[in-house]
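Subject: Structure handover

Hello,

Here is the structure you asked to take over. My notes on what was found in it follow below.

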Amino acid sequence: MEKIIEIDGKKVKFKAAGGNALRYKMQFGRDFMVDIAKMDDLTKLKVNIQKDNRQPSYEEIKSLDTEVFYNIAWVLAKTADGNIPEPLTWLDSFETFPLMEILPELGPLIAASMGTSKKK
C-alpha cells in the first residue's frame, strides 16, 4: 500500500510493507509495535484539543515522544524510496514538517504494516 502526501511543497511517497518493522528496529533500535502503541496518546490528545478548541498544554506536549512519530514517517518514506537519506538529513530537507497533519494520513499505512492477511 502506498500513498503520496505533499509536505512543504514536495510530493513524498510513503509505503507499507512487510519489512517496515524490521527496518524500524534496524535503524532506531526500538520495537515498531511498541512505538506504534504510543501513537494512541497523540490521537487522544488531538481529539481532546479539537473538542475543547484549545492549544495543547506544556504538560501534554511534554508527555509525547514526538521522535517516534518522525521515525515512523521516515521508515514509511524510506520503504517507498530507498534513496531517502538518514532521518535527520531527510527532515532537514523540509522547511516545515506538519506532523499533526501528516500522521492521520499515514494511519492506514501504519495499520497495513501491522495487519494480517489471515481471513476470519
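Leaving aside residues up to four places away in sequence, Asn20 touches Lys15, Phe32, Val75, Leu76, Thr79 and Ser113. Asn20 belongs to helix α1, and its relative accessibility of 0% puts it among the buried residues. Please keep in mind that this is a predicted model.

Confidence and overall make-up

The mean pLDDT of the protein chain is 85, and 88% of the residues reach at least 70. The exception to note is residues 116-120, where the pLDDT is below 50. Beyond near neighbours in sequence, that stretch makes zero contacts in the model. Where pLDDT is low, the predicted coordinates should not be read in detail.

The protein chain contains seven helices and two strands, in the order β-β-α-α-α-α-α-α-α along the sequence. Of its 120 residues, 33% are buried. The exposed area comes to about 7600 Å², with carbon and sulfur atoms supplying 53% of it. If you take the contacts between residues at least 6 apart in sequence, 68% of them join residues at least 24 apart.

The hairpin

Strands β1 (residues 2-7) and β2 (residues 10-15) run antiparallel and are joined by six bridges. Two residues separate them in a hairpin, and Asp8 in the turn has a positive phi of about 55°. Among the bridge partners, Lys3 is matched with Phe14 in β2, and Ile5 is matched with Val12, also in β2.

Aromatic pairs

How many aromatic pairs does the structure hold? There are eight. One of them is formed by Phe28 and Trp74, whose centres are 5.7 Å apart with 80° between the planes, an edge-to-face arrangement. This pair links distant parts of the chain, since Phe28 is in helix α1 (residues 20-28) and Trp74 is in helix α5 (residues 66-80), 46 residues apart. Both partners lie below the 20% limit for a buried residue: Phe28 is buried at a relative accessible area of 18%, and Trp74 is buried at 2% relative accessibility.

Phe94 and Phe97 form another pair, with ring centres 5.3 Å apart. Why is this pair classed as edge-to-face? The planes stand at 65°, and an angle over 60 degrees counts as edge-to-face. Phe94 is buried at 8% relative accessibility, and Phe97 is buried at 13%.

Ring pairs also connect Phe14, Tyr70, Trp90, Phe94 and Phe97 into a cluster. Two members of this cluster turn up elsewhere in these notes: Phe14 is the bridge partner of Lys3 in the hairpin, and Phe94 has a charge over its ring. That charge is the charged end of Lys10, which sits 4.9 Å from the ring centre of Phe94.

Two further positions

Pro56 is in the loop between α3 (39-52) and α4 (58-62). Is Pro56 buried or partly exposed? Its relative accessibility is 27%, so Pro56 counts as partly exposed. Not counting residues up to four places away in sequence, Pro56 touches Leu45, Ile49 and Ile61. For Leu45, which is 11 residues from Pro56 along the chain, the C-alpha atoms are separated by 7.7 Å.

Glu67 is in helix α5, the helix that also carries Trp74. With a relative accessible area of 44%, Glu67 is partly exposed. From C-alpha to C-alpha, Glu67 and Asp35 are 9.9 Å apart in space, and they are 32 residues apart in sequence.

For a first look, you could start with the Phe28 and Trp74 pair, then go to the cluster that includes Tyr70 and Trp90. Residues 116-120 are the stretch with pLDDT below 50.

Regards

How values were computed:
Residues numbered from 1 in each chain as written. Predicted model: local features only at pLDDT ≥ 70, side-chain atom pairs only at ≥ 80, totals over all residues. Heavy atoms only, no water. Phe/Tyr/Trp six-rings, centres within 6.5 Å; stacked < 30°, edge-to-face > 60°. Helix = DSSP H or I, 4+ residues; strand = E, 2+ residues; numbered from the N terminus. Buried < 20%, exposed > 50% of the residue type's maximum accessible area, 1.4 Å probe, protein only. Lys NZ or Arg CZ within 6 Å of the ring centre and 35° of its normal. pLDDT = per-residue confidence, 0-100. Contact = heavy atoms within 4.5 Å. Areas by Shrake-Rupley, 256 points an atom, 1.4 Å probe, with all protein chains shown as cover. Pairing = 2+ DSSP bridges.
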